[in-house]
Structure formats: C-alpha cells, structure tokens
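Student: Please take a close look at the empty spaces in this structure, pockets and cavity alike. I would like the cut-offs stated as you go.

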Amino acid sequence: MSMVAEAPGYLQVFSDESVKRFTPEIVPSSIQSINGFKFKDVTIDQFKPITARLFLPTESSTATRLPVMVYFHGGGFCIGSTTWLGYHHFLGDFSVVSQSIILSVDYRLAPEHRLPIAYDDCFTSLEWLSDHASVEPWLELADLSRVFLSGDSAGGNIVHNVAIRAMRKNVGNVSIKGLLPIHPFFGSEKRTKKEMVDVALGYVEMNDMFWGLSIPKGLTRDYFGCNVEMDDLSAAEWSEFPATVVYVAGLDFLKERGVNYAEFLAKKRVKEVVIVEAEGEAHVFHVFYPKSESTRLLQQQMTQFMRSH
C-alpha cells in the first residue's frame with residue numbers, strides 16, 4: 001500500500017483508497033457560555049451522518065428576532081470541521097458581533113464522499129433549519145426570513161452551489177437574503193494567469209490534488225462544481241440570484257479566482273455583487289488568526305452586509 005496524495009499535517013490518501021486525517025486542536029461538544037456566546041452540537045441527519053454546531057449570543061434582546069447565518073467550513077472538500085479551534089472562535093465571536101444565530105455544518109468529506117455529496121449535505125442543513133425552527137429552543141428567536149450563507153475556501157464554493165439549489169427547490173420558510181463567500185475555491189481546466197506564474201510554488205499542484213480527490217471520478221476541473229461557467233442557469237434565474245459579497249485576501253493564491261467569480265456574477269447581471277479585499281492577508285487568515293485585527297474587521301464588514309439586507 002502506497003500513499004497517493006498528501007496535504008502535509010492534514011491528510012494522507014493511500015492506494016487502497018483508505019484515508020488518514022490528522023486533526024488539529026478542536027473544541028469538543030458541550031453546552032456552555034463563554035465570551036458572550038453559547039454553543040452546542042446538533043444532528044442534521046444521523047444516518048449519513050451530518051452534524052452542525054449552533055452558536056447563539058447570550059445577551060441578545062428577547063424582543064428582537066435574530067438573522068441566521070449558515071456556515072460551511074473549508075478544506076478542499078477533504079478536511080476541516082466546525083469543531084476546529086479557529087472556526088469555533090471565529091464563528092462564536094461573529095455571533096456576538098453580528099447578533100445572529102449561526103449554524104455551522106459538518107458535511108461529509110471527500111474522497112470517501114465525492115461531490116456533489118457536500119452540496120447535498122449542506123442543502124439538507126437548510127431543510128433541517130426550516131423543519132426545526134419551531135421545536136429547537138435555540139432557534140426560538142431565529143428570523144428565517146433573513147438567512148445568509150457563508151463559508152471559506154471550499155465552503156465558499158458550497159455557498160454558491162447551495163444557493164442555486166435553494167433557488168430551484170423550496171426550503172420551507174427559509175429565505176436567503178445574501179451570500180458571503182470568503183476566499184472561494186473554484187477552478188477550471190484553463191489556468192488563470194496567476195496559476196501559470198505560480199505553478200513552481202506548489203499551490204497549483206495542491207489545488208489540483210484536492211480537486212482530483214473531490215470531483216466525481218472520470219470528470220475534469222470543468223465539472224460544474226469546480227468551474228462556475230458551466231452552471232446552466234437561465235437569465236431569469238441569474239436575475240434572482242441573492243446579493244453577494246465576495247471576500248478576497250491580497251496574498252491569497254486564490255484571490256484571482258475570487259475576483260473572476262465576482263466578475264462572472266456581474267456579467268450574469270446578478271442584482272448585487274461586491275468585492276471586499278483584505279490587503280496583506282493570506283488564505284483563510286480568519287481561521288488561523290481568529291482574534292486578529294484583520295479578522296475583527298472582516299467580522300464587522302460581514303455584519304454591515306447582513307444588516308443592510
């Protein structure tokens with residue numbers, strides 16, 4: 001048995017299709033209050049399984065209904081978890097700053113569960129939200145008329161694809177008001193200018209590895225989940241696409257893909273598309289440095305977008 005793919009420190013894939021993941025520091029499941037928020041884990045679907053972590057600010061006004069953010073973690077579709085320390089602190093703090101309820105989803109991972117499984121699982125979380133709003137005490141103040149989708153890297157990709165599904169299939173009383181993808185992970189068989197320049201640095205090889213592990217076997221990076229230009233939405237559907245703010249980072253190898261994504265939406269005449277750049281920051285800096293000033297600024301920018309929609 002030989003190793004056929006590796007993300008050092010995170011993932012090893014072997015020739016017999018077995019997978020070994022290395023888990024960084026996590027925050028275990030519990031119900032507790034800390035730093036102005038409380039959290040607990042919930043089960044979205046026990047048979048698949050799909051779980052999620054709910055975050056709720058502890059000092060919200062009981063007279064005010066709270067918007068809901070559904071968040072999808074990154075990791076090239078192959079690694080990551082809402083229990084990771086960085087995600088936990090970023091989202092817990094964000095629930096306080098934004099005064100919102102956050103449902104952070106642990107979807108099934110590739111290569112054991114290739115796309116579109118992640119899209120299926122994350123769309124299921126919206127159905128769970130609709131079905132449980134009246135029975136889950138922590139959703140008592142949830143305003144399902146103001147639901148936002150966010151996520152970083154692969155999670156930003158999931159935001160786009162789940163939004164399309166939600167446009168085409170009724171999700172009960174859930175109304176998606178806006179999308180906030182952070183450093184979204186897209187691709188194509190055609191290289192961008194930056195990818196052609198940076199191929200020697202190893203970023204392209206790592207991206208290709210994650211795409212090779214996550215897209216259906218036998219397909220290329222022009223798979224619709226990788227290449228957004230392959231989406232088959234009509235002009236009428238694009239006109240109904242939610243308002244979108246795309247966050248990019250100045251030092252991020254994927255910045256060009258994020259900018260291209262925003263420009264693609266604008267060409268499709270999506271009603272509102274904005275790009276916000278964190279200059280001097282790297283890919284998913286908010287996960288690695290959840291207490292940094294740049295992360296606090298990102299949280300404030302996201303809050304402003306949510307409050308304006």
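Tutor: The pockets come first, then the cavity.

This is a predicted model, in which local features need pLDDT of at least 70, side-chain atom pairs count only at pLDDT 80 or more, and totals for chains, interfaces and linings use all residues. Residues are numbered from 1 along each chain as its sequence is written, and side-chain values use heavy atoms, with hydrogens and water left out.

Rolling a probe the size of a water molecule over the atoms shows where empty space is left. Here the search runs on a 1 Å grid over the protein atoms alone: a cavity is a set of points where a 1.4 Å probe fits but cannot get out, a pocket is an open set with protein on both sides within 12 Å along at least five of seven lines, and lining residues have an atom within 4 Å of a point. Grid points are joined across faces, edges and corners, and a volume is the space filled by probe spheres set on the points.

The largest pocket has a volume of about 920 Å³. It is lined by 33 residues, with Tyr10, Phe210, His283, Val284 and Phe288 closest to its centre. Helices H1 (85-98), H4 (193-198), H5 and H8 (285-288) each give two or more residues to this lining; helices are DSSP runs of H or I with at least four residues, numbered from the N terminus. H5 supplies the largest share, 4 residues. By class the lining of the largest pocket holds 20 nonpolar, 8 polar and 5 charged residues, where Ala, Val, Leu, Ile, Met, Phe, Trp, Tyr, Cys and Pro count as nonpolar, Asp, Glu, Lys and Arg as charged, and the others, Gly among them, as polar.

The second largest pocket has a volume of about 430 Å³. Of its 18 lining residues, Ser188, Thr192, Glu229, Arg257 and Asn260 are the closest to its centre. H4 and helix H7 (255-267) are the elements that give two or more residues to this lining, and H7 gives the most, with 6 residues. The division is 6 nonpolar, 5 polar and 7 charged.

As for enclosed space, the whole structure has 1 cavity of 30 Å³ or more. The largest cavity holds about 80 Å³ of space. Its lining has 13 residues, and Arg191, Glu195, Asn207, Asp208 and Trp211 lie nearest its centre. Helix H5 (residues 203-214) gives the most to this lining, with 4 residues. The cavity lining comprises 5 nonpolar, 3 polar and 5 charged residues.
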